[in-house]
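Student: Please take me through one part of this model closely, the metal site and the helices that carry it. I would like a single connected account.

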Amino acid sequence: MGLFTTKELNSMEDLLCDQLGDLYDAEQRLTKALPKMAKAASDSKLKAGFEQHLKETEGQVRRLEEAFKLLGKDAKAVTCNAIKGLISEGEEVINASGDPDIKDAALIAAAQRVEHYEIAGYGCARNFALRNGSKSVAALLQETLDEEKATDQKLTEMAESSINPKASH
Ligand code: FE
Ligand code: FE
Ligand code: FE
């Protein structure tokens with residue numbers, strides 16, 4: 001970490017904006033990663049699931065822009081090294097050779113790691129927004145949190161009902 005990346009966190013609002021920036025960076029990276037995940041998926045429902053979450057993710061980027069606006073701030077991305085790492089793990093799966101059904105199971109494992117990271121991030125940011133008295137920002141973050149949780153659940157259901165059974169044949 002160099003001089004230019006040193007954070008200054010003095011208030012709940014500073015913290016909230018920093019967290020929003022991290023999520024803003026993460027979601028933007030995910031709008032580029034999700035089409036690759038969809039393309040790499042063999043199962044048509046899994047492919048459709050990634051495509052649907054791409055659309056939701058585009059909406060999540062807009063929600064974060066709205067949240068910054070409500071706080072009277074310019075939307076500013078703060079590099080999210082964790083999502084960079086998780087996306088790079090996803091790329092390892094995308095580029096892997098081998099059985100397509102096993103690859104689908106591996107794609108879900110990579111995707112769920114991302115959803116869990118997002119769930120943690122949005123849960124914390126929502127709580128910081130409430131502490132900061134920014135109820136409308138908290139409501140926006142809650143909407144995205146609900147989408148991330150639903151996506152995670154959908155991935156679990158797909159894995160257990162069809163993808164993992166297919167992969168173990
Ligand atoms: Fe997201
Ligand atoms: Fe991060
Ligand atoms: Fe997500």
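Tutor: Helix H5 has a kink of about 50°, centred on Ala159. This is a predicted model, and the kink is a feature of that prediction. H5 has 33 residues, and its first and last C-alpha atoms are 45 Å apart, close to the 48 Å expected at 1.5 Å a residue.

H5 covers residues 135-167 and contains Glu148. Glu148 is a donor to the iron ion (ligand 3) through OE, and Glu148 (OE) also appears among the donors of the iron ion (ligand 1).

Take the iron ion (ligand 3) to begin with. Its donors are His53 (NE2), two entries for Glu115 (OE), Glu118 (OE) and Glu148 (OE), at 2.1 to 2.7 Å. Along the chain these residues follow the spacing H-x61-E-x2-E-x29-E. The site joins distant parts of the chain: His53 sits in helix H2 (residues 44-70) and Glu148 in H5, 95 residues apart. Both His53 and Glu148 are buried.

Now the iron ion (ligand 1). Glu27 (OE) is listed twice as a donor here, together with Gln60 (OE1), Glu118 (OE) and Glu148 (OE), at 2.0 to 2.3 Å. The sequence spacing of the donor residues is E-x32-Q-x57-E-x29-E. This site also spans the chain, with Glu27 in helix H1 (residues 12-40) and Glu118 in helix H4 (residues 100-131), 91 residues apart. Glu27 has a relative accessible area of 0%, and the cut-off for buried is under 20%, so Glu27 is buried. Glu118, at 2% relative accessibility, falls under that cut-off too and therefore counts as buried.

The two ions belong to one arrangement. The iron ion (ligand 1) and the iron ion (ligand 3) lie 3.2 Å apart, and Glu118 bridges them.

That leaves the packing of the helices that hold Glu118 and Glu148. Glu118 is in H4, and Glu148 is in H5. H4 and H5 pack with their axes 8 Å apart, at an angle of about 160°. Angles over 145 degrees count as roughly antiparallel, so H4 and H5 are roughly antiparallel to each other. Their crossing is left-handed.

In brief, Glu118 from H4 coordinates both iron ions, and Glu148 from H5 is a donor to the iron ion (ligand 3) and to the iron ion (ligand 1).

Technical notes:
Residues are numbered from 1 along each chain as its sequence is written. Chains are lettered from A and ligands numbered from 1 in the order in which they are written. This is a predicted model: local features need pLDDT of at least 70, side-chain atom pairs count only at pLDDT 80 or more; totals for chains, interfaces and linings use all residues. Side-chain values use heavy atoms; hydrogens and water are left out. Donors are N, O and S atoms within 2.8 Å of the metal (3.2 Å for Na, K and Ca); water is not among the atoms, so sites may look incomplete. Helices (H or I, at least four residues) and strands (E, at least two) are DSSP runs, numbered from the N terminus. Buried means under 20% relative accessible area, exposed over 50%, partly exposed in between (1.4 Å probe, protein chains only). The expected span of a helix is 1.5 Å times one less than its number of residues. The bend at a residue is the angle between axes fitted to the seven residues ending there and the seven starting there. Axes are lines fitted to C-alpha atoms, for helices over the stretch in contact, and angles run from 0 to 180 degrees between N-to-C directions. Angles under 35 degrees count as roughly parallel, over 145 as roughly antiparallel, 65 to 115 as roughly perpendicular and the rest as oblique. A crossing is left-handed if the near helix is turned anticlockwise from the far one by less than a right angle, and right-handed if clockwise.
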